[in-house]
Amino acid sequence: MRETFNRYRTLFVGTLVQESFLSLGGTDDPFTTVDSPFCRDGLGRPTLRGTGLAGALIATLRRLNNEDVSEKISGSAQGKHASVWRFFNSHPNNEVTFADRQHVAIDHETGAAAEGPLFNAETLPPGTKWPFLLEVDTTDDHDNNFADLARATLAQWVAGRCLLGREVARGMGWMRLDDLKEYTLTTAHIDDWPNAKVSQDYPAYLAQFAKDQQLKPEPVPAATETLPGWCEYTLTLSAGERSDGYGIDSLSIGGHASEELAAAWDEAFLAPDGMTEAAAKAAFDPDFAVVTLDQDGKRIPYIPGSSLRGPLRHTLARLLKAGNKPDDSMISLFGTTKQSAKLLIRDAFLVEDQDKSLQIAWFQHHAEDEFAGGAYASSKFDRMAVLQGSFSCNVVIEDATSEEKIAFNELLELARQGQLGIGGGQWRGHGWLSWVISAPVEPCQQKETIHE
């Protein structure tokens, strides 16, 4: 008599890769040097908790599946049964270095940092990799819908539509899921899965297990369509000599106070005539350093999503006020402390190969004595600025109404015309960059709901 086996578990294994900085809420620590520390486990390791992954994936499923999520996936409100989707905590599988991300509030009248609201968050930089493992219980799932839903939802993450952690609207927490594979286990594998002895490295165990059992894992490709209600743009901002020959666009966005200590002179800087490289390095001690990230031992500038979001919000507020229009679209797009934002902007990073042509300058400034016409007392300071380089980022608007799209397109048109400044030193000529905006990738139509 032939032995038959029933469904047991479907496992999805891959690697989450950060496309921006990431901040995950941890325990408040009175002895920490940051206002918002990163989540750690008892061994002090940075930790991406299964609860956070569950919440993010279920949120993606709600959008994909017309808000229909079975209690067998979300877990019953009364706690009578656990979810058939089981997520595992994750720790980075590459060496990581924390970076402090500084935030300020902007005074809408002056465009400068407001007094008081200054705080920082502990983050991990782009490129950090996290092992991912989702177990789907298919024991009583005769139609295999729980696995089908997981596969369709994770395909959106493979396409880069994964948002995790804090401050997603301000640029952080944008991720993609690489090398996603699906393992189908039957009741013949009950003794092999789970295996607590190898729980610290399940991906490696599964790869070896599949080889030993001659299981063929199936790759999960990226989704070919966007999520319903998910409108995507790509922004490219460029500093450098203008194509019409009129001037040079430069960018100066200040970072955390530690940036001044981390800043180092290298070949990207434009040195004054006659100054040797050794002399430049010895004299280099900037008062205002541009925000950078560590990339292969070099400090590379970038544009935080918050530095794009803030100017866009303040510009829209001025447009609506000038036109004596209600601010409903501004509130819905940019959110409040009680309402989530519809407009999400990722951190903008150097376009590939731009680091080879990157140029940074160290500007010297002083306050002028209006009577003598010379430098006023000791009021001399300096500021770093990017003189050449292109930065690219993704922008998403969720469930936008026609009014909200019109308001956002007005902002983009101002940016195209060079009338939207970002960063510091705007009234000294910095921050008025060349913007190129891609045609929006419109959301797909809502498909028929996949039921349990």
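# Chat: helices, strands and rings

Me: Which helix should I start with, and what span should its 15 residues have at 1.5 Å a residue?
Reply: Start with helix H1, residues 50-64: the 15 residues should span 21 Å, and the end C-alpha atoms are 21 Å apart, which agrees. The expected span is 1.5 Å times one less than the number of residues. Helices (H or I, at least four residues) and strands (E, at least two) are DSSP runs, numbered from the N terminus.

Me: What kind of model is this, and how are residues numbered?
Reply: It's a predicted model, with residues numbered from 1 along each chain as its sequence is written. Local features need pLDDT of at least 70 and side-chain atom pairs count only at pLDDT 80 or more, while totals for chains, interfaces and linings use all residues, and side-chain values use heavy atoms, with hydrogens and water left out.

Me: Back to H1. Which of its residues are buried?
Reply: Gly50, Leu53, Ala54, Ala56, Leu57, Ile58, Thr60, Leu61 and Arg63. Buried means under 20% relative accessible area, exposed over 50%, and partly exposed in between, with a 1.4 Å probe and protein chains only.

Me: What about glutamate 67: buried or exposed?
Reply: Glutamate 67 counts as exposed because its relative accessibility is 56%. This residue lies in the loop between H1 and helix H2 (71-74), and its phi is positive, near 70°. Most residues other than glycine have a negative phi. Asparagine 66, just after H1, also takes a positive phi, of about 60°.

Me: Where is asparagine 324?
Reply: In the loop between H7 and helix H8 (328-334). Asparagine 324 has a positive phi near 55° and is exposed, with a relative accessible area of 72%.

Me: OK, strands. How many residues of S1 are buried?
Reply: In S1 (residues 7-18), 10 of its 12 residues are buried, so to speak "mostly covered". S1 runs antiparallel to strand S7 (residues 174-186), joined by 10 bridges, and antiparallel to strand S5 (residues 129-137), joined by nine. Two strands pair if DSSP finds at least two bridges between them.

Me: Which residues stand opposite threonine 15 and leucine 16?
Reply: Threonine 15 stands opposite aspartate 178 in S7, and the bridge partner of leucine 16 is tryptophan 130 in S5.

Me: And S17, which side chains point where?
Reply: Along S17 (residues 434-437) they alternate: Trp435 and Ile437 point to one face and are buried, while Ser434 and Val436 point to the other and are not. S17 pairs with strand S9 (residues 230-241) in the antiparallel sense over four bridges.

Me: Switching to rings. How many aromatic pairs are there?
Reply: The count is 13 aromatic pairs. Rings of Phe, Tyr and Trp (its six-membered ring) pair if their centres lie within 6.5 Å; planes under 30 degrees apart count as stacked, over 60 as edge-to-face and the rest as tilted. Tyrosine 233 and phenylalanine 408 make an edge-to-face pair, 5.2 Å centre to centre with 70° between the planes. That pair links distant parts of the chain, with tyrosine 233 in strand S9 and phenylalanine 408 in helix H9 (residues 402-416), 175 residues apart. Both are buried.

Me: Which residues form a ring cluster?
Reply: Phe88, Trp193, Tyr202, Tyr205 and Phe209, linked by ring pairs. Trp193 also precedes a cis peptide bond, to proline 194, with omega near -5°.
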